[in-house]
Amino acid sequence: MMKKLQKKMLALALLGLMSIPAAGLWAADNPSVSVTADKLEYNGKTQVATATGNVVIVRDKATMNGDKAVYNLKTAEADLEGNVVVQQPDMHLTADKLHSTNRNYVIATGDVRGIYQDKKVNGDKVEYYLDKDYGIVTGNGYLEAQGSRLWADRIDAWFKEIKAVGQGDVHIESPADNLVADATKAVYTQTPGKNDGVVHLTGDVNAVQNGNSLTGDNIMIRLADNSAQAMSRSTVVIIPGSE
């Protein structure tokens, strides 16, 4: 009986090992994990632990809430579903469901809304690879970073490299650069620690900056000096007196 109870408690504690899209969440050395729920179960044959009803998982400074949590000891897969909320000092995430595999790959689905430091990410589905610090947002994608905002059907983001790719119905707003643009695809790159951001727009491009407008199919905008380069047949409209 005692061995079964120990296995059950171990499995439930492992529920707290679910990773979420924020670097360093599980950085602390072996912090304790607490799992609280209306009902706690463990199946010894399937090695699946389940917590249902007002689930609260606390590990170090991170707290996860949901209606149901499931952890499979065999596959190291974890699921949290129903009114999911994840909170830590520099990150807040809400979604309908959260699934993680091997503590490296995480996928959140259903009206996902995340805030991590100065970044915001919204979408129908958000996937994140912790080892690469790489995320994919699909369906009503939105990414906000350093004051600039990007909307697209799909957004790929590499946070260490400061690179983002938006595809499908792309819309960009950068108030600091007085820039608004629409395109089929946008690629933003920047060297970490430098003010050398470049936006490469392709497909039905319409960009307006400081009152001047530029339309075409292949346009490069350098934000540091507000310069633009058209690499296809384009039309520019310049407002006298604008920069």
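Me: Why is tryptophan 151 called partly exposed?

Reply: Its relative accessible area is 29%. Buried means under 20%, exposed over 50% and partly exposed in between, with a 1.4 Å probe and protein chains only, so tryptophan 151 falls in the middle class. Please keep in mind that this is a predicted model, where local features need pLDDT of at least 70, side-chain atom pairs count only at pLDDT 80 or more, and totals for chains, interfaces and linings use all residues. Residues are numbered from 1 along each chain as its sequence is written, and side-chain values use heavy atoms, with hydrogens and water left out.

Me: How many aromatic pairs are there, and what makes tyrosine 134 and tryptophan 158 a stacked one?

Reply: Searching the whole structure gives five aromatic pairs. For tyrosine 134 and tryptophan 158, the centres are 4.9 Å apart and the planes differ by 25°. Rings of Phe, Tyr and Trp (its six-membered ring) pair if their centres lie within 6.5 Å, and planes under 30 degrees apart count as stacked, over 60 as edge-to-face and the rest as tilted. Both values meet their limits, so this pair is stacked. Tyrosine 134 belongs to strand 9 (residues 134-145) and tryptophan 158 to strand 10 (residues 148-158), so the pair ties together parts that are 24 residues apart in sequence. Strands (E, at least two residues) and helices (H or I, at least four) are DSSP runs, numbered from the N terminus.

Me: Are the partners in that pair buried or exposed?

Reply: They fall into two classes. Tyrosine 134 counts as buried because its relative accessibility is 13%. Tryptophan 158, at 23%, is partly exposed.

Me: What is the pair of tyrosine 142 and tryptophan 151 called, and why?

Reply: Its ring centres lie 5.1 Å apart and its planes meet at 55°, so the pair is tilted. Tyrosine 142, at 11% relative accessibility, counts as buried, whereas tryptophan 151 is the partly exposed residue we began with.

Me: Which residues do ring pairs link into a cluster?

Reply: The cluster consists of Tyr105, Tyr129, Tyr134 and Trp158.

Me: How do you know that a charge sits over the ring of tyrosine 129?

Reply: The rule asks for NZ of Lys or CZ of Arg within 6 Å of the ring centre and within 35 degrees of the ring normal. The charged end of lysine 132 is 5.9 Å from the centre of the tyrosine 129 ring and sits over it. Lysine 163 likewise lies over the face of tryptophan 158, 4.9 Å from the ring centre.

Me: What makes asparagine 83 and asparagine 140 worth pointing out?

Reply: Most residues other than glycine have a negative phi. Asparagine 83 has a positive phi of about 55°, and asparagine 140 has a positive phi of about 55° too. Asparagine 83 is placed in strand 5 (residues 77-88) and asparagine 140 in strand 9. With relative accessibilities of 59% for asparagine 83 and 60% for asparagine 140, each counts as exposed.

Me: What makes a space in this model a pocket, and how much space lies in the largest pocket?

Reply: A pocket is an open set of points on a 1 Å grid over the protein atoms alone where a 1.4 Å probe fits, with protein on both sides within 12 Å along at least five of seven lines; lining residues have an atom within 4 Å of a point. The largest pocket holds about 600 Å³, a volume being the space filled by probe spheres set on points joined across faces, edges and corners. Its lining has 31 residues, and Ala145, Gln146, Ser148, Tyr188 and Gln190 come closest to its centre. Two or more lining residues come from each of strand 9, strand 10, strand 11 (163-174) and strand 12 (179-189).

Me: What about the second largest pocket?

Reply: Its volume is about 210 Å³. Among its 14 lining residues, Gln209, Asn212, Leu214, Asn226 and Ala228 are closest to the centre. Strand 13 (198-209) and strand 14 (212-222) each supply at least two, and strand 14 has the largest share, with four residues.

Me: Why does aspartate 133 count as buried, and where is it found?

Reply: Its relative accessibility is 11%, so aspartate 133 counts as buried. Aspartate 133 is found in the loop between strand 8 (119-129) and strand 9. Leaving aside neighbours within four places in sequence, aspartate 133 has contacts (heavy atoms within 4.5 Å) with Tyr128, Ala157, Trp158, Phe159 and Lys160.
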